[in-house]
Amino acid sequence: MSCGIHYLASVFMAVTPKFVCSIPGNVSSVLYYNSSASSIEDVWTLWTSTDNYIVAQMENGEIWELNQCSRSRREGSLDLAYEYNGNKSVFSCSHGYIYDHTKWTSTIVTEWDLVCKREWLAKLTQPTFMLGVLIGAVIFGDIADRMGRRHIMWFTSIGQFLFGIVVAFTFDYYSFVVARFLLAMVSSGYLVVVFVYVTEYVGIKVRTWASMHVHAFFALGVMVVALVGFLVRTWWVYQIFLSITTLPFVLCCWMLPETPFWLLSVGRYEEAQKVINIMARWNKVSTPCKISELCSIQQDALVSSRTGDNDVSTTKKHNILDLFCNRYIARRTITVWLIWFTGSLGYYVFSLSSVNLGGNEYLNLFLIGVVELPSYVIACIGMDKLGRRNTLIPSLISSALICVLIMLIPQDFNALIILANMAGKFTIGVAFGLIYLYTAELYPTIVRSLAVGSGSMMCRVGSVVAPFCVYLTSIWIFMPLSMSKPRIAVIGAGLIGLSAAVCISETIPTCSVTIISDEFTPNTTSDVAAGMLIPHTYPGTPIYQQKQWFKETFDYLFAINNSSEAPSAGISLVSGWQIFKTSSSAELPFWSDIVLGFRAMTEMELKKFPQYRFGQAFTTLKCDCPSYLLWLEKRLKGNGGEVHAKRIANLWDLQNNYDIVVNCTGIGSRQLIGDLKIYPVRGQVLKVHAPWLNHFIRDGDGLSYIYPGIHNVTLGGTREKGSWNLSPDPNISKDIFDKCCALEPSLQKAQDIKVRVGLRPSRLAVRLQKEILVQGEKKLPVVHNYGHGSGGFSMHWGTAKEAARLVGECIATLQDSLSKAKL
Ligand code: FAD
């Protein structure tokens, strides 16, 4: 029991709670998305994704973004907002870390900052312990044969208690590891000797059950860990409590006599006879057996061979090569070794990882211990009734099948995962329990101890490897069935939704993409737009970012324009002029080197616009809607994408059917996710038939423009901030027409004039960001891509690429967390 306690103690001692980089000074307020608090401790419950940062405002006004392994100070902004696209200075965590102490007051991770670059040190604690177990088993097994079971039991049990206490008082990580290593050595020596002791004390008849008792009490120790972990949340107090729990066993050891087998093996016949006589008295046997009889039993000493460390019956020295003396025996040895290794690996992986399964970690570990008890009962009954092999084979096969099953259970099915883990522990428990006895029986007496000893060695290798397997889940990314095709829902069938959906389906071909929208072309804002690639500046988005998005969009459309797809996609190159009444308002725009042939207008060109003093001439691209939207939709369907007509009232409605949601609802985001930073800028335009026009004209103020496209000419326009009115205003239409005619008199002959009104989804900055929505145990990754205002066409492909990248990150995170539920 005390071995079970110490072997598994690290599961709660080396836990890494939530943490972020610490900052010098006093925090005045904290922000996590829309939730604010006065201290970082208050936001831990909301902070669910380690990818997200916490924003903290200091008393001196500085604003910091706190990540797990770095912190950044916002430069030039004193507004406490979650999103920020300006300059930041990034710093390392030189002031340590802030930990979430709600669950664990202190663990060795929080005590010695075993996170970020030092994370591997925390991960080494269990493997180094298991290494100690391996070495201890070899050393103490051997010494127990020489010095007797009793002395080693005294020594190791006292050692276990003392080193257990010493561990609690270690002052740094290294002394902790050394103390735990010594603790592991004595604990494993204790376990080996106790096993030998118990089996040497009972007759062959009940040996199976007796050996199973040792295993069962080990499982009780695991349950004690769960209980103490639940009650005590400070690692060193927890360690002291665990060590004190072992005290009664230490005291009991002194009462136990030496085993008669060992006394016989060293020729202390009289003492052996005395013990036999006591045993006879206890068993109410009137005629105790004689030493001579015991000697004959010793020849058949199953007991000693079972432990592998105390075979004293052989006279000739045998070595490991005897286990490979012929093909038949070699095959048997390799099989047995594999079973030892698998049994131990499975046993420790199931036990150690039980705390990562979600739900209540203490209950999980407790149940993982409980489930061992029936497994030993079944192992005993199975061994007696069905035989060793017929019990071992089904238990190994079913534990393998359960492992496969666990890989396929979606991460959200917490209860099912825990149940499957318990079933796995149960089946591996049966195999692990009986392999001791089975190995002993599979080999002749002369190499029996060698066989069990080497098997036990393989078992230790399994237990050293096991913690790494548990840690491997954080880097081992694979796709179980439930995620074989991540399901992406893109909400919104405007330009931004369609382009994001196409980009995702092309960059991540392994996922399925579905567009869900209440309106489609020709009824979206995107259908109203002129579709010119002339960017507007977003004040909250860095210029380099806007330039990159524009360039990516321009290059993408330019390639389409140069292909045979151009007419069906509605893409055309168009040259023209941007004119200004004063030269001072004509700054060189950030996009001047991206459009083609950007230059100042010549005197000759300016003569066409007598009211204007200055102008810029360039060639850019234009998308005709709805042609372009229809083309994008066709392309999406060609990639296997689907389109559904539906209004989404709540993003959580999509959680059951989709893994990731991409929000491209434009102005709809105000209602859907309650983003009050987005507002409408009403735009009224005229779509006219004037095929003779082939140059664009744009007043530098952006209010009057003539944009010729493949199918019609767009005349604009208006910019009414905050207006939700979608009804055309005839006065505005007349005003637009008059202004455009002043710029291009030939427009008087324009025909088929249609009025369109659209609401530009405007925001200080485009919101292009991941967010993990959390509801209880459920999580829904969302990628936001909205707020393109007056420049959606100019930026759409650049932002679609970024959205696709963020979706890729979400998929990786999902797979990562899914794999964490796997063993
Ligand atoms: P939308 O086209 O409005 O699409 C949003 C989609 O989301 C719609 O399909 C809607 O039905 C759906 N949706 C919303 N809420 C929900 C919900 N709850 N459930 C389901 N579906 C939902 N930009 C340029 O670059 N160049 C220009 O020349 C230009 N000219 C313009 C002229 C005018 C008059 C206007 C109004 C805009 C202009 N723009 C221009 C801007 C450009 O049109 C927008 O930036 C772009 O169309 C925004 O696209 P979107 O997909 O985000 O929005």
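A polar contact is a pair of N or O atoms within 3.5 Å. The exercises below use this cut-off on a predicted model.

**Exercise 1. Find which backbone atoms have polar contacts with oxygen atoms of the ligand.**

Step 1. Start with Leu495: a polar backbone atom of this residue is 3.3 Å from an oxygen atom of the ligand. This pair is within the 3.5 Å limit.

Step 2. Go on to Glu519, where a polar backbone atom is 2.8 Å from a ligand oxygen.

Step 3. For Gly531, the distance from a polar backbone atom to an oxygen of the ligand is 3.3 Å.

Step 4. Add the cover: on its own the ligand has 1,000 Å² of accessible area, and the protein covers 96% of that.

**Exercise 2. Describe the shell of residues around the ligand.**

Step 1. Count the residues: 37 surround the ligand. The closest are Asp518, Thr525, Ser526, Gly789 and Phe793.

Step 2. Sort the shell by class, which gives 14 nonpolar, 18 polar and 5 charged residues.

Step 3. Look for the elements that supply at least two residues each. Among the helices these are H20 (495–507), H21 (525–528) and H28 (792–820). Strands S16 (679–689) and S21 (751–762) do so as well.

**Exercise 3. Decide how helices H15 and H16 are oriented to each other.**

Step 1. Two packed helices are described by the angle between their axes and the distance between the axes.

Step 2. Helix H15 covers residues 361–370 and helix H16 residues 372–385. Their angle is about 15°, and the axes are 4 Å apart.

Step 3. Angles under 35 degrees count as roughly parallel, so H15 and H16 are roughly parallel to each other.

Step 4. Name the residues in contact: H15 contributes Ile368, Gly369 and Val370, and H16 contributes Glu372, Leu373 and Pro374. By class, the residues of this contact are 4 nonpolar, 1 polar and 1 charged.

**Exercise 4. Locate the cis peptide bonds at Pro626 and Gly717, and the positive phi of Asp113.**

Step 1. Cys625 and Pro626 are joined by a cis peptide bond with omega about 10°. Pro626 sits in the loop between strand S13 (614–623) and helix H25 (627–638).

Step 2. Gly716 and Gly717 are also joined by a cis peptide bond, with omega about -10°. The loop between strands S19 (713–716) and S20 (720–721) holds Gly717.

Step 3. Asp113 is a residue other than glycine, yet its phi is positive, near 50°. Asp113 belongs to the loop between helix H3 (108–111) and helix H4 (119–147).

Key. Residues numbered from 1 in each chain as written. Predicted model: local features only at pLDDT ≥ 70, side-chain atom pairs only at ≥ 80, totals over all residues. Heavy atoms only, no water. Axes fitted to C-alpha atoms, helices over the stretch in contact; angles between N-to-C directions. Parallel < 35°, antiparallel > 145°, perpendicular 65-115°, else oblique. Contact = heavy atoms within 4.5 Å. Nonpolar A, V, L, I, M, F, W, Y, C, P; charged D, E, K, R; others polar. Near = heavy atom within 4 Å. Polar contact = N/O pair within 3.5 Å; in protein donor to acceptor, adjacent residues only side chain to side chain. Areas by Shrake-Rupley, 256 points an atom, 1.4 Å probe, with all protein chains shown as cover.
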